[in-house]
Protein chains: 2
Amino acid sequence: MTDTRALADEGGRPEGVRERRNRELRQRIHLAAIELGEPAGMDAVTVAELAAAAGISRRTFFRHFRSKEDAVLAGHARYLAAARSLPMRASNVTEALSAIERVGDVVLEHEGQPELAEHRRVNAMIQRDQAIRTHAVVQDRLIADVFRDRLRELLPHEPVPALEFVADLGVAVWRHGWVRWSAQQDAATAESPVESHRAARQLFRAVAASATR
Amino acid sequence: MTDTRALADEGGRPEGVRERRNRELRQRIHLAAIELGEPAGMDAVTVAELAAAAGISRRTFFRHFRSKEDAVLAGHARYLAAARSLPMRASNVTEALSAIERVGDVVLEHEGQPELAEHRRVNAMIQRDQAIRTHAVVQDRLIADVFRDRLRELLPHEPVPALEFVADLGVAVWRHGWVRWSAQQDAATAESPVESHRAARQLFRAVAASATR
DNA sequence: GTAAATTGTGACACACAGTGCCATAATTTT
DNA sequence: AAAATTATGGCACTGTGTGTCACAATTTAC
């Protein structure tokens, strides 16, 4: 989680003390949020407790995250950053979905073992914890809006509602990929994230093919 | 808006004074919310102002709506009620989407002129007003969860993530239908709500057909 | 019809979220 | 080493949402 820079600028300058501390602190807060929220439910945790657990003041917490729910959903921040910065290409509405899927592919390639472990944990929280679930869907919408705006630049002649719709669908498929992956339990039949996302896309296609007579 | 009973029980008993006042008050609050929120943006409106405009106390407002954003989104409440109460039939995942679409069709049939005018107004707010937009997507998720749970009863052998996904897609198509309809401006080429929703379903199919090579 | 039970309302208090502001400490730059 | 920048904590303040109580209005039972 955490290093939203990973995708954007691989070749950065050294990274000063400030930068490193900032990154580490965000990570510490993130872990504290999961640690406290996982057992009790996020509604039962106050920002004051969270800040105390991370060794900072309430005020400082809000300088690093907009809300306690935000502190949990680090994966969304990475996907959002990718939606903003990765190159996209599409020459019509139906290609737009593929363009979004390609962004997802790149993100998947960058998610290593620690991120995957986080995904399992956070996705489990999204299923159980209403506060987190609510916040996750809001984040999804923000990401879809970013995709919509980028598609708008690529396809200025397409109606905006259609682009928004495609962006929505793209994000829904992405989310379902993770839900599917996180639902795996026994290692025997477990899919890799890439496989789960492929399955999500296939299910999307299958459902659409038979719908709307 | 307003009468969430319309779909559920057409043949009801007379309706007492209490019931009527309750309904009228909800409607009054709803209108006050739109009236205040439309020009200023919902973030700039406090519940105290809203309650004052509706002639009630702040405390009473919260007995009728969970939040000021909720007070604006009356159409979502109707759709939610329909998702809960209308009969659904499906024997596999791909039919599930059609089942959700059928619920939408029934709701559409019941939306008269005043509701349609409201849809235009509220949808415009959803586009402009971040607070409302955020809340709308949360409502959509709640509705999708209701559909998911109902599908779970109909198709107990299907994996829950798949059902959740289909429910998500169904709601996304529904929402896009309204967005598309609300985007119409000149009466000359304007679509009816039914036509817009049909177009939404077709776009869904078209996008899916060419995606995921 | 009147009495009892139920339900809606306002007032008050309270916990908590989120933000503006300022003084201070730590770091980067010059 | 001094100056400029940036992170932090403390404090105050607005606003949300909920629990609780007393009281008024309706509904139900008799």
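In what order do the elements of chain A run from the N terminus on? They read α-α-α-α-α-α-α-α-α-α-α, and the secondary structure of chain A accordingly comes to eleven helices and zero strands. Helices here are DSSP runs of H or I with at least four residues, strands are E runs of at least two, and both are numbered from the N terminus. Before we go on, please keep in mind that this is a predicted model, in which local features need pLDDT of at least 70 and side-chain atom pairs count only at pLDDT 80 or more, while totals for chains, interfaces and linings use all residues. Residues are numbered from 1 along each chain as its sequence is written, and chains are lettered from A and ligands numbered from 1 in the order in which they are written.

Let us start with the overall form of chain A. Its C-alpha atoms fill a box of roughly 55 × 40 × 30 Å along the principal axes. The radius of gyration of chain A is 18 Å, which agrees with the value near 17 Å for a compact globule of 213 residues; the radius is taken over C-alpha atoms, and the globule rule is 2.2 Å times the number of residues to the power 0.38. Of the 213 residues of chain A, 41% count as buried, meaning that 20 or more other C-beta atoms, placed from the backbone, lie within 10 Å of a residue's own (12 or fewer makes it exposed, and in between it is partly exposed). For one example, look at helix α2 (residues 17-40) of chain A, where you will find His30(A). His30(A) is buried because 23 other C-beta atoms lie within 10 Å.

Now bring in the second copy. Chain B can be laid on chain A with an RMSD of 0.1 Å by a turn of 180 degrees and a shift of 0.0 Å along the axis, which is the relation of a two-fold axis. The superposition is by least squares on the C-alpha atoms of residues with pLDDT of at least 70 in both copies. Among the residues of chain B, Ala208(B) comes closest to the rotation axis, with its C-alpha at 3.0 Å.

Where the chains meet, 32 residues of chain B are in contact with 32 residues of chain A, a contact being a pair of C-beta atoms, placed from the backbone, within 7 Å. On chain B, α7 (93-110), α9 (130-154), α10 (160-183) and α11 (193-210) each supply at least two residues of this side. The largest share, twelve residues, comes from α10(B).

The interior is worth a visit too. The largest nonpolar core has 60 residues, of which Ala96(A), Val166(A), Ala96(B) and Val166(B) touch the most other members; such a core is a set of buried Ala, Val, Leu, Ile, Met, Phe, Trp, Tyr and Cys residues joined through C-beta atoms within 7 Å. A second, separate core of 44 residues includes Phe61(A), Leu50(B), Phe65(B) and Ile126(B).

Finally, turn to the DNA. Of the 19 residues around strand C, Gly16(A), Val17(A), Arg18(A), Ser67(A) and Thr60(B) come nearest, where being near takes a C-beta atom, placed from the backbone, within 6 Å of the strand. Around DNA strand D there are 19 residues, and Ser57(A), Thr60(A), Gly16(B), Arg18(B) and Ser67(B) come nearest.

Notes:
Two residues are in contact if their C-beta atoms, placed from the backbone, lie within 7 Å.
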